[in-house]
Amino acid sequence: MGTVMSLPDTPDFDSFPVTRRPVAAETIPDGVRVRWDDGLESRFHVFWLRENAADPETTHPVTREQQLQLLDIPASLQAAAVRIDDDGALQVAWSTGETSRYHPGWLRAYCHEARSESSSLPPQRYWNAAAIADVPRFDGLQALNDPAAKTAWLTALHVYGVAVLENLPATPEVIETAPAAIGPIRPTNFGFAFDVVSKADATSNAYTAMTLPLHADLPTREYMPGLQFLHCLKNDAAGGESLLADGFFLAERLRALDPAAFDTMTSIPVDYYNKAKDTDYRHSTPMIRLNADGSFHEVRWTPWLRAPLDAPFETAGVVYRALRLLFSLAEDPANRIEIKLKPGDLLGFDNRRAIHGRKSFDPATGDRHLRGCYVERDELHSRLRILARQSRAAQSGSHG
């Protein structure tokens, strides 16, 4: 096989090490069949190949975005001839006269038959107190400055839905700089960043000294914030321990224990109303939302922001039964962990998965001051993919 430099470009900015090589190719009706050196056979539709070609006429050489439109491709398009060239690239001669070449690493990464092998994000792991006695912890300055340490921190944040950076300065500006290493901070009606302290004119239960049951923030929004960060400035009051649970673990337990209750929580909408004096946000959706493949997308878990249930009498009983079972799972000490944040700790968690709360504290015994902000979960996914891309590029030594 020729050198990597002789391989064609790819229609994106990623790097694709050639771990498997195509050894044969043939035309089939409306497509191309490729056989790989591990015996896998993959089929590619002619339209799929043509619109994903990396030549400058199809893919813009600067933006790497597609500029050939699907309707620009003749409906009668066929592959006239195919071969694996001396560099290991798939070469397709089209019935329209053009020729396209495809990078074998890219082709293997995107072939349907092996797509799961190239998943860009690691699988999530659901947990209870027996699975993780404490949240994953990382040195803050190292995680923010070293790519490998940052990858470890963000991977834990994605896999477990929660992670802590330690040894950061206990200064107000940290909450605006450290999370920004992932992506833009999302402002809300609570501001760009917010201070979690007990105060007499509280606009949220969070701004009191009371116990906060396990919950997610801002379920009243159509798009609930994906990540939340809480940076500890002071925490010497008696009490105030943080509580954390994996909402996806609890949802999975509900599905195993009572499938009917699980169906209720994934199908019947629950109304969430913001009850502040000067804002009125509302959203209605099932408490547990699933992705198309049945995996968990989010849990909207905030007891004190649930509005009066809008359901017929008979349905109300079914919903309340399911809610009580789900809440009882969260109250079980075996299903949650407790940590005491110390000054300089930055707790980050997936707000649409990990539910959080705190024990009550006594302001007369000391101060408890956290600063918080939100970042979208998409930013975490993007940053993880970029870090993985940079690692692959360093390993392969080139873009292609």
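**Exercise 1. An aromatic cluster**

Find which residues are linked by ring pairs into a cluster, then work out how the rings of Tyr102 and Trp106 are arranged.

*Solution.* Step one: ring pairs join Phe16, Phe44, Trp48, Tyr102, Trp106 and Tyr110 into a cluster. Keep in mind as you look that this is a predicted model.

Step two: place the cluster in context. The structure has eleven aromatic pairs. For the rings of Tyr102 and Trp106, the centres are 6.5 Å apart and the planes stand at 20°. Planes under 30 degrees apart count as stacked, so this pair is stacked.

Step three: check the surroundings. Tyr102 is buried, and Trp106 is buried as well.

**Exercise 2. Three helices**

Decide whether H7 and H8 are roughly parallel or roughly perpendicular, and then describe how H6 lies against H7.

*Solution.* Step one: locate the first two helices. H7 covers residues 259–267 and H8 covers residues 313–331. Their axes come within 9 Å and cross at roughly 105°. Angles of 65 to 115 degrees count as roughly perpendicular, so H7 and H8 are roughly perpendicular to each other.

Step two: see which residues meet. From H7 come Ala261, Thr264 and Met265, while H8 brings Val318, Val319, Arg321, Ala322, Leu323, Leu325 and Leu326. Sorted by class, this contact has eight nonpolar residues, one polar and one charged.

Step three: turn to H6, which covers residues 247–257. The axes of H6 and H7 come within 5 Å and cross at roughly 130°. That makes H6 oblique to H7.

Step four: list the partners again. Ala251, Leu254, Arg255, Ala256 and Leu257 in H6 meet Pro259, Ala261, Phe262 and Met265 in H7. By class, the contact of H6 with H7 contains eight nonpolar residues, no polar ones and one charged. Notice that Ala261 and Met265 of H7 appear in the contact with H8 and also in the contact with H6.

**Exercise 3. A sheet and its edges**

Give the strand order of the open sheet of three strands, and explain why one side of S1 and of S3 is left without a neighbour in the sheet.

*Solution.* Step one: recall how sheets are held. Strands of a sheet pair through backbone hydrogen bonds, either parallel or antiparallel.

Step two: read the order. It is S1-S2-S3, and the pairing is antiparallel.

Step three: look at the edges. S1 (22–28) and S3 (41–45) each have a single partner strand, so one side of each has no neighbour in the sheet. From one strand to the next, the twist averages 20°.

Step four: zoom in on one pairing. S2, residues 31–36, pairs with S3 in the antiparallel sense over five bridges. As an example, Arg35 has Glu41 in S3 as its bridge partner.

**Exercise 4. A glycine in a loop**

Work out whether Gly366 is buried or exposed, and which residues it touches.

*Solution.* Step one: Gly366 lies in the loop between S21 (361–362) and S22 (368–375).

Step two: its relative accessibility is 17%. Buried means under 20%, so Gly366 counts as buried.

Step three: leaving out residues up to four places away in sequence, Gly366 touches Asp236 and Ala237. The C-alpha atoms of Gly366 and Ala238 are separated by 7.0 Å, with these positions 128 residues apart along the chain.

**Exercise 5. The whole chain**

State how many helices and strands the chain has, and what share of its residues is buried.

*Solution.* Step one: there are nine helices and 22 strands.

Step two: 46% of the 400 residues count as buried.

Terms used. Residues are numbered from 1 along each chain as its sequence is written. This is a predicted model: local features need pLDDT of at least 70, side-chain atom pairs count only at pLDDT 80 or more; totals for chains, interfaces and linings use all residues. Side-chain values use heavy atoms; hydrogens and water are left out. Axes are lines fitted to C-alpha atoms, for helices over the stretch in contact, and angles run from 0 to 180 degrees between N-to-C directions. Helices (H or I, at least four residues) and strands (E, at least two) are DSSP runs, numbered from the N terminus. Angles under 35 degrees count as roughly parallel, over 145 as roughly antiparallel, 65 to 115 as roughly perpendicular and the rest as oblique. Contact means heavy atoms within 4.5 Å. Ala, Val, Leu, Ile, Met, Phe, Trp, Tyr, Cys and Pro count as nonpolar, Asp, Glu, Lys and Arg as charged, and the others, Gly among them, as polar. Two strands pair if DSSP finds at least two bridges between them. Buried means under 20% relative accessible area, exposed over 50%, partly exposed in between (1.4 Å probe, protein chains only). Rings of Phe, Tyr and Trp (its six-membered ring) pair if their centres lie within 6.5 Å; planes under 30 degrees apart count as stacked, over 60 as edge-to-face and the rest as tilted.
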